[in-house]
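Dear colleague,

Please find the structure below, together with its sequence. A summary of the findings follows it.

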Amino acid sequence: EMAKDRIDKQDVMRILRRGAVVRVENNRGADTHNVRGRDSDEREIEVVVVLDETTQRIKVVTAWERKLR
């Protein structure tokens with residue numbers, strides 16, 4: 001999905017720094033966080049991450065461009 005929507009690491013980092021958590025779900029025993037924000041081209045992007053409290057790292061699950069329909 002990320003490659004199809006041309007979302008790169010810089011886009012993801014920008015969303016995680018400046019975006020807002022819009023949903024938290026428990027998925028197979030792990031909480032996933034959906035973070036929504038805009039990239040440098042003003043596209044609205046949503047990133048799904050899992051937080052690993054043991055290592056204090058964030059794992060990106062997927063990301064996509066939110067398009068108006």
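Which elements do the buried residues of H1 pack against? In this predicted model, they pack against E2, E3 and strand E4 (57-65).

The buried residues in question are Asp11, Val12 and Ile15. They lie on the same side of H1, because the arc they cover around the axis is only 100°. Lys9, Gln10, Arg17 and Arg18, on the other side of H1, are exposed. The N-terminal end of the helix is capped by Asp8, which has a side-chain oxygen 3.2 Å from the backbone nitrogen of Gln10.

The largest nonpolar core consists of eight residues: Ile7, Val12, Ile15, Val35, Ile45, Val47, Val49 and Ala63. Two elements, helix H1 (9-18) and strand E3 (44-52), give two or more residues to this core. The most come from E3, which gives three. Such a grouping may be set against a general tendency: in soluble globular proteins, nonpolar side chains tend to be buried together.

Within the core, Val47 deserves a separate note. Leaving aside residues up to four places away in sequence, Val47 touches Val12, Ile15, Leu16, His33, Asn34, Val35, Val60, Thr62 and Ala63.

As to strand pairing, E1 (residues 20-27) and E2 (residues 30-38) run antiparallel and are joined by seven bridges. Val35 of E2, a member of the core, stands opposite Val21. The hairpin of E1 and E2 has two residues between the strands, and Arg28 takes a positive phi near 60° there.

Yours sincerely

Key: Residues numbered from 1 in each chain as written. Predicted model: local features only at pLDDT ≥ 70, side-chain atom pairs only at ≥ 80, totals over all residues. Heavy atoms only, no water. Pairing = 2+ DSSP bridges. Helix = DSSP H or I, 4+ residues; strand = E, 2+ residues; numbered from the N terminus. Core = buried A, V, L, I, M, F, W, Y, C linked by side-chain atoms within 4.5 Å. Buried < 20%, exposed > 50% of the residue type's maximum accessible area, 1.4 Å probe, protein only. Contact = heavy atoms within 4.5 Å. Arc of directions from axis to C-beta. Polar contact = N/O pair within 3.5 Å; in protein donor to acceptor, adjacent residues only side chain to side chain.
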